[in-house]
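Here are a few exercises on reading empty space in a protein. Have a look at the structure, then try each task before you read its solution.

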Amino acid sequence: MKKHFIWFVWLLLPLGIAANEKPERWRLEAEGGMVIPGYNTVQVPNPEGTRFSLRDDLETDSRAYLRLRLSWHFARRHELSLLYAPLSLDAAGVLPADIRFENSLFPSGETVNATYRFNSYRLTWRWHWVQKPKLNLWVGLTAKIRAAEIRLQSTKQEAYTDNVGFVPLLHLRMVWHWSGRAGLIVEADAAAAKQGRAEDVVAMVFWKPGSAGTELRAGYRFVEGGADVEQVYNFAFIGYLFAGVAVHF
């Protein structure tokens with residue numbers, strides 16, 4: 001708890017510095033497209049359970065998704081943003097071998113359905129480090145709350161594991177304007193420790209049409225990482241192809 005408190009103090013410190021400043025601008029961003037499942041290896045509990053793949057041992061479907069972010073420029077070089085990023089994937093298939101999952105045994109040849117849920121809620125503070133006519137760089141910190149669940153279900157039984165936790169991340173953002181209306185945005189939240197790692201990296205092109213305050217976007221995002229702890233072993237790679245819009249007001 002002490003470490004978590006220190007992280008939140010650092011995140012909220014700029015608010016105290018700029019308490020008397022007038023907010024400069026808001027930005028609402030919406031991103032939607034298709035989730036492309038990559039590897040997703042699970043072992044619960046760790047190490048007594050059976051290690052299996054939601055992609056190789058079962059078939060995981062692609063699906064549509066939506067992300068929303070609200071950002072606030074509260075001072076000349078400072079910005080806060082809130083991100084809502086739900087993720088839910090479904091898998092199904094016939095088990096090629098026995099799987100022990102959360103002290104339940106799913107025998108070989110049994111048809112199972114699986115759900116992988118990884119919802120993310122983030123508060124990010126970033127500082128406008130480099131301000132050039134064509135290149136802008138931000139650095140900052142992200143406080144991430146993730147709600148994770150893995151569930152297996154057959155006609156005879158059901159087992160699941162879930163967890164809600166806090167993850168501190170480093171934040172980087174780059175905006176390169178190659179013309180007055182178009183450019184490239186690269187953004188990342190990432191951290192690594194002995195127990196696991198987390199990366200959320202996106203590259204997108206943007207174009208500003210004639211209407212003021214609107215920005216159209218398209219790009220690719222990947223989320224990778226996981227944990228190797230006593231209760232759970234899970235590492236996954238999720239790709240996203242998307243289009244989006246940002247509205248400044």
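## Exercise 1: A closed space

Task: Find the volume of the second largest cavity, say which residues line it, and sort out where they come from.

Solution. Start with size: the second largest cavity has a volume of about 80 Å³. Bear in mind that this is a predicted model. Next, list the walls: Y65, R67, A85, P86, L87, F118, S120, R122, K144, V223 and Y240 do the lining. Now look for the elements that give two or more residues, and you get β4 and β9. β9 gives the most, with three residues. Last, sort the lining by class: seven residues are nonpolar, one is polar and three are charged.

## Exercise 2: The largest cavity

Task: Describe the largest cavity in the same way.

Solution. First, a search of the whole structure turns up three cavities of 30 Å³ or more. The largest cavity holds about 160 Å³ of space. Its lining has 15 residues, with E29, E31, R69, R217 and R221 nearest the centre. Two or more residues each come from β1, β4, β13, β14 and β15. By class, you'll count seven nonpolar, one polar and seven charged residues in this lining.

## Exercise 3: The open spaces

Task: Work out what lines the largest pocket, then do likewise for the second largest pocket.

Solution. Take the largest pocket, at about 960 Å³. It is lined by 38 residues, and R146, V167, R197, G226 and A227 are the closest to its centre. Among the elements that give two or more residues are β9, β10 and β11. The top contributor is β11, with seven residues. The class tally is 20 nonpolar, eight polar and 10 charged.

Now move to the second largest pocket, with about 420 Å³ of space. Here 23 residues form the lining, and R25, R27, W138, R173 and H248 sit closest to the centre. At least two residues come from each of β1, β4, β5, β10, β11 and β14. This lining has five nonpolar, eight polar and 10 charged residues.

## Exercise 4: How far to trust it

Task: Which stretch has a pLDDT below 50?

Solution. Begin with the whole protein: the mean pLDDT is 91, and 90% of the residues reach 70 or more. Then go to the stretch itself: residues 1-24 have a pLDDT below 50, though the model gives them 32 contacts beyond near neighbours in sequence. Where pLDDT is low, don't read the predicted coordinates in detail.

How values were computed:
Residues are numbered from 1 along each chain as its sequence is written. This is a predicted model: local features need pLDDT of at least 70, side-chain atom pairs count only at pLDDT 80 or more; totals for chains, interfaces and linings use all residues. Side-chain values use heavy atoms; hydrogens and water are left out. pLDDT is the predictor's confidence in each residue, from 0 to 100. Contact means heavy atoms within 4.5 Å. On a 1 Å grid over the protein atoms alone, a cavity is a set of points where a 1.4 Å probe fits but cannot get out, and a pocket is an open set with protein on both sides within 12 Å along at least five of seven lines; lining residues have an atom within 4 Å of a point. Grid points are joined across faces, edges and corners, and a volume is the space filled by probe spheres set on the points. Helices (H or I, at least four residues) and strands (E, at least two) are DSSP runs, numbered from the N terminus. Ala, Val, Leu, Ile, Met, Phe, Trp, Tyr, Cys and Pro count as nonpolar, Asp, Glu, Lys and Arg as charged, and the others, Gly among them, as polar.
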